[in-house]
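I opened my notebook to follow the sheets first and then the helices that pack on them. Here is what I looked up, entry by entry.

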Amino acid sequence: MRVLEPWVAEPLAEFLRESSARLTLVMTSAGQVIAQHGFTRSVDVMSAAALGAGILATTDELARTIDEPAGFGAVVHQGERQGVWLSAFDTPRGRWIGLVVFGQESSIGLVRLFFARLAAQIQAAAPPLAPVRDVLAEGFERELDNSLRSLFGSR
Amino acid sequence: MTIDQWHAALREVTGVTGVLGALIVSAEDGLVVAETAMEELATADVAALAAALVMRVARCTSAMDAGLPQTAYLVGDRGALLAVAGPAPLWLVAVARNDGELGRLRLLMRDFADVLR
């Protein structure tokens, strides 16, 4: 498990333990990864984050089209051996998305149950948002490197 | 059995003294297929956990070479959960208080599971 925000680690570890999820991504609605578990290649994380955020954006638009103002709580794709759970939740840091891949050792019901707890725990644990700093060109690359190191270890 | 008959059966189970709710659960995905329950019972949570329980029981009986499980009976300090296998992957699940008519509940659920099959 790799996390960009340390306060996400404990709720995520509990979620992984209880749900038996194989892969998990927590990201912003723009697709920026906050935490990941199970992915070994950064390119896979980036693809999954972009695709997951895209799917949820699409379903949000579909909800608006069919006049479902609250939107859809979750999107589930069930395959033969694995399923994917996608769901957004509000945090003090904005709208975040969880993408969970689960196998036959888990179920949609278990992921739904423990994902709701994960979202509630993240909402409760989120510290107040720090003031936005200007990102200077010389600091941008360093910050990006730090973020990637946090998510994937040493490069 | 039709959905209406399922609901009638679930209502009868819920009518047993001490029963808080009865559900038909898909063990494969842990979701509620049909339910009749009191408001305070978190049926979706019960379905997810009951499905996880019966799937583990199935692994256990398989390892024992005892075939597929037919019932799972779990008793806590204050309540009990009774699960009876229906047509795969469905299970009939009831949650009851400990002071309820658990014997009658068991018999009734076994009858319904036979009809469901």
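**Entry 1: a strand pair in chain A.** I began with strand E5 (residues 83–91) and strand E6 (residues 94–102) of chain A, which run antiparallel and are joined by nine bridges. I looked up one pair along the way: A:Trp85 has A:Val100 in E6(A) as its bridge partner. A reminder to myself: this is a predicted model.

**Entry 2: the whole sheet of chain A.** Next I traced the strand order, which reads E1-E3-E2-E6-E5-E4 in an open sheet of six strands with antiparallel pairing. At the edges I found strand E1 (2–3) and strand E4 (75–78) of chain A, each of which pairs on one side only.

**Entry 3: helix H2 of chain A.** I then asked which strands H2(A) lies across. I noted strand E2 (23–28), strand E3 (33–37), E4, E5 and E6 of chain A, with the helix running at about 65° to E2(A). I checked the length of H2(A) (residues 42–65) too: at 1.5 Å a residue its 24 residues should span 34 Å, and the end C-alpha atoms are 35 Å apart, so the two agree. For burial in H2(A), I listed A:Val45, A:Ala48, A:Ala49, A:Gly52, A:Ala53 and A:Leu56. Just after this helix I came across A:Asp67, which takes a positive phi of about 60°.

**Entry 4: helix H3 of chain A.** I gave H3(A) the same length check: its 18 residues should span 26 Å at 1.5 Å a residue, and I found 25 Å between the end C-alpha atoms, which agrees. The buried residues I noted in H3(A) include A:Leu110, A:Phe114, A:Phe115, A:Leu118 and A:Ile122. What covers the buried residues of H3(A)? I found that the cover includes helix H1 (9–19), E4, E5 and E6 of chain A, together with strand E2 (31–37) and H2 of chain B.

**Entry 5: where the chains touch.** That led me to the contact, which takes six residues from chain A and 10 residues from chain B. On the side of chain B that touches chain A, helix H2 (residues 43–63) of chain B gives the most, with six residues. I sorted the residues of that side into six nonpolar, one polar and three charged.

**Entry 6: the sheet of chain B.** Here I traced five strands in an open sheet, in the order E2-E1-E5-E4-E3, with antiparallel pairing. Its edge strands are E2 and strand E3 (71–75) of chain B, each pairing on one side only. I noted that neighbouring strands of this sheet are turned by 15° against each other on average, direction ignored.

**Entry 7: strand E5 of chain B.** Is E5(B) largely enclosed or left open? Six of the eight residues of this strand (residues 90–97) are buried, so I wrote it down as largely enclosed by the rest of the structure. I followed its pairing with strand E1 (residues 19–26) of chain B, antiparallel over seven bridges, where B:Ala22 has B:Ala94 as its partner. Strand E4 (residues 79–85) of chain B is also joined to E5(B) by seven bridges, again antiparallel, and B:Val84 stands opposite B:Leu92. E4(B) and E5(B) form a hairpin with four residues between them.

**Entry 8: helix H2 of chain B.** Last, I looked at H2(B), which lies across E1, E2, E3, E4 and E5 of chain B and runs at about 60° to E1(B).

Terms used. Residues are numbered from 1 along each chain as its sequence is written. Chains are lettered from A and ligands numbered from 1 in the order in which they are written. This is a predicted model: local features need pLDDT of at least 70, side-chain atom pairs count only at pLDDT 80 or more; totals for chains, interfaces and linings use all residues. Helices (H or I, at least four residues) and strands (E, at least two) are DSSP runs, numbered from the N terminus. The expected span of a helix is 1.5 Å times one less than its number of residues. A residue is buried if 20 or more other C-beta atoms lie within 10 Å of its own, exposed if 12 or fewer, and partly exposed in between; C-beta atoms are placed from the backbone. Two residues are in contact if their C-beta atoms, placed from the backbone, lie within 7 Å. Ala, Val, Leu, Ile, Met, Phe, Trp, Tyr, Cys and Pro count as nonpolar, Asp, Glu, Lys and Arg as charged, and the others, Gly among them, as polar. Two strands pair if DSSP finds at least two bridges between them. Axes are lines fitted to C-alpha atoms, for helices over the stretch in contact, and angles run from 0 to 180 degrees between N-to-C directions.
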